[in-house]
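Reader: I am new to this structure and would like the reasoning behind each label. Can we go through the labels and test each one against its cut-off?

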Amino acid sequence: MNWLRRFMYGRYGNDQLSTFLFVLYVAIFVFEMIFKRTPAAPILMVVSYVIIFFYFFRCFSRNIYKRQAENRKFLAMWNPVKNYFKYLGRKWQERKGVNKLYRCPKCHQTIRVPKGRGKIAITCPKCRFEFIKKT
């Protein structure tokens with residue numbers, strides 16, 4: 001195992017973008033197996049090969065600064081998507097609970113208020129903006 005450690009010394013390795021690329025490769029590979037006898041199979045195969053090549057290129061690259069910049073750009077695009085689905089998940093869990101979730105129109109902070117109180121004035125704890133909603 002020492003040879004692998006020496007080989008990877010100075011190389012970039014794995015990060016969030018690489019993990020995303022690998023998961024994307026596996027998903028496309030599964031679709032390729034499902035649509036094996038269709039005209040889409042060769043296209044899916046080529047796309048999966050390009051993705052896995054890019055994954056290994058990133059992992060074994062010695063240009064660490066460029067790989068970090070790529071990962072930062074990816075996270076700048078990925079985090080809003082992830083946070084949106086996390087918000088939907090919380091909203092889905094709270095749908096039958098005793099609270100209702102609202103977003104502040106000014107700073108978009110998620111605010112939890114009790115259900116069944118009628119129209120109330122809600123004050124955002126983050127920016128102190130006050131808005132009226134029906135619970």
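Reader: Why does Arg-67 count as buried?
Author: Its relative accessibility is 6%. Buried means under 20% relative accessible area, exposed means over 50%, and partly exposed lies in between, with a 1.4 Å probe and protein chains only. The 6% of Arg-67 is under 20%, so the label is buried.

Reader: What should I know about the model behind such values?
Author: It is a predicted model, in which local features need pLDDT of at least 70 and side-chain atom pairs count only at pLDDT 80 or more, while totals for chains, interfaces and linings use all residues. Residues are numbered from 1 along each chain as its sequence is written, and side-chain values use heavy atoms, with hydrogens and water left out.

Reader: What makes the meeting of Arg-67 and Glu-70 a salt bridge?
Author: A salt bridge needs a side-chain nitrogen of Lys or Arg within 4 Å of a carboxyl oxygen of Asp or Glu. Here the N to O distance is 3.0 Å. That is within 4 Å, so the pair passes. Arg-67 and Glu-70 both lie in helix α4, three residues apart, or about one turn of the helix. An α-helix has 3.6 residues a turn, so residues three or four places apart point the same way.

Reader: Why is Glu-70 called partly exposed?
Author: Glu-70 has a relative accessible area of 24%. That value falls between 20% and 50%, so the middle label applies.

Reader: With which residue does Arg-58 form a salt bridge at 2.3 Å?
Author: The partner is Glu-70, with 2.3 Å between the closest N and O atoms. This pair links distant parts of the chain: Arg-58 is in helix α3 and Glu-70 in helix α4, 12 residues apart.

Reader: Which residue meets Asp-15 in a salt bridge?
Author: Arg-58 does, at 2.6 Å from N to O. This pair, too, joins distant parts: Asp-15 sits in the loop between α1 (2–8) and α2, Arg-58 in helix α3, 43 residues away. The relative accessible area of Asp-15 is 10%, so it is buried. Arg-58 is buried with 0%.

Reader: How many salt bridges does this rule give?
Author: Three. Asp-15, Arg-58, Arg-67 and Glu-70 are linked by such bridges in a network.

Reader: What makes the meeting of Ser-18 and Arg-58 a polar contact?
Author: A polar contact is a pair of N or O atoms within 3.5 Å; within protein, one must be able to donate a hydrogen and the other to accept it, and residues adjacent in sequence count only if both atoms are side-chain atoms. The side chains of Ser-18 and Arg-58 come to 3.4 Å, so the distance fits the limit. Ser-18 lies in helix α2 and is buried at 0% relative accessibility.

Reader: How do you know that the length of α2 fits a helix?
Author: Helices are DSSP runs of H or I with at least four residues, strands are runs of E with at least two, and numbering starts at the N terminus. Helix α2 covers residues 16–34, 19 in number. The expected span is 1.5 Å times one less than the number of residues. That gives 27 Å, and the end C-alpha atoms are 27 Å apart, so the two agree.

Reader: Which residues of α2 are buried?
Author: Leu-17, Ser-18, Leu-21, Tyr-25, Ile-28 and Glu-32. Seen down the axis, they fall within an arc of 95°, taken from the directions from the helix axis to the C-beta atoms, so they line one face. The face turned away carries exposed Val-23 and Ile-34. The cover over the buried residues includes α3 (40–60) and α4 (64–93), by contact, meaning heavy atoms within 4.5 Å.

Reader: Why is Arg-62 called exposed?
Author: Its relative accessible area is 54%, which is over 50%, so the label holds. Arg-62 is in the loop between α3 and α4. Beyond four places in sequence, it touches Tyr-9, Gly-10 and Arg-11.

Reader: What makes β1 and β2 a pair?
Author: Pairing takes at least two DSSP bridges between strands. Five bridges join β1 (residues 99–103) to β2 (residues 110–114), so they pair, running antiparallel. Arg-103 stands opposite Thr-110 of β2. Thr-110 is buried at 17% relative accessibility.
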